[in-house]
Amino acid sequence: MRIPAHAVCTAIRDDIVSGVFEPGGRLTEEVLARRYGVSRVPVREALRTLESEGFVTTRRHAGACVAEPTEQEAADLLELRVLLEPLAAARAARRRTEAHLKVLRGLVRLGQERARRGQGEDLRSLGGWFHETLAQASGSPGLIALLTQMRRKVAWMYVVQAPARPVESWAEHGAIVDAVARGDAERARMLMALHADRAAGAHRPRVRPAVSTSQPGVNMTGSRH
């Protein structure tokens, strides 16, 4: 069965974000095809997609390489995210469905419970799901796509420190959901702006380990889409 290019794209992107392939490292079709157990065709398609997303660049005489974002590019990305997340919250207040609210409230309950118990290992993934769901609730495909790509790039460029006061952080999440539920777009925007600005201070530039291209094969059947 032919592995679709988007599954290969997800696998390569995940390996770039996690640091398996470091910035500046070459991405040869032959090595990648062997690593993921696919032909070179989906690899070639995936590299084109990743280049359009900014994760890959093509160099003369070197071919495809992992992009090397500058400090300014990383700072700009974080600033854009701080600007766009309040917009998503405001739109969610106008366009959210009951299904969105149910998921958001459930995530807030779980996050607050884990924060009170000091179960910090779950909070990062819960926070990611919260922000992803809030973006989905905005009902704006273009904005959702931008925020999704930004979350991936922020995870690639930065290490995010755990909140010093996780209970307060999840109380902020709860207040944002309350504003969204009431349809109060301006309050949702304001609360998210404050929350996003505080969260940005917890980001530290990521230091990446050396890369090895002699990796074992990867089973693509479990790749996230």
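A cavity is a set of grid points, laid over the protein atoms alone, where a 1.4 Å probe fits but cannot get out. The exercises below apply this idea, and a check on helix length, to a predicted model.

**Exercise 1.** Work out what span the 15 residues of helix 6 should have, and set it against the distance between the end C-alpha atoms.

*Solution.* Begin with the limits of the helix, which are residues 123-137. The expected span is 1.5 Å times one less than the number of residues, so helix 6 should cover 21 Å. The end C-alpha atoms are 21 Å apart, which agrees with that expectation. Beyond the helix comes G139, where phi is positive, near 65°.

**Exercise 2.** Find which residues of helix 6 are buried, and name elements that cover them.

*Solution.* Taking under 20% relative accessible area as the cut-off, the buried residues are L123, L126, G127, F130, H131, T133, L134, A135 and A137. The cover over these residues includes helix 4 (71-95), helix 5 (98-117), helix 7 (141-157), helix 8 (166-182) and helix 9 (185-200).

**Exercise 3.** Describe the largest cavity by its volume, its lining and the classes of its lining residues.

*Solution.* The structure holds one cavity of 30 Å³ or more, and the largest cavity contains about 40 Å³ of space. Its lining consists of E85, A88, H131, L134, A135, L147, R151 and M192. Helix 4, helix 6 and helix 7 are the elements that each give two or more residues to this lining, and the largest share, three residues, comes from helix 6. Sorted by class, the lining has five nonpolar, one polar and two charged residues.

Notes:
Residues are numbered from 1 along each chain as its sequence is written. This is a predicted model: local features need pLDDT of at least 70, side-chain atom pairs count only at pLDDT 80 or more; totals for chains, interfaces and linings use all residues. Side-chain values use heavy atoms; hydrogens and water are left out. Helices (H or I, at least four residues) and strands (E, at least two) are DSSP runs, numbered from the N terminus. Buried means under 20% relative accessible area, exposed over 50%, partly exposed in between (1.4 Å probe, protein chains only). Contact means heavy atoms within 4.5 Å. On a 1 Å grid over the protein atoms alone, a cavity is a set of points where a 1.4 Å probe fits but cannot get out, and a pocket is an open set with protein on both sides within 12 Å along at least five of seven lines; lining residues have an atom within 4 Å of a point. Grid points are joined across faces, edges and corners, and a volume is the space filled by probe spheres set on the points. Ala, Val, Leu, Ile, Met, Phe, Trp, Tyr, Cys and Pro count as nonpolar, Asp, Glu, Lys and Arg as charged, and the others, Gly among them, as polar.
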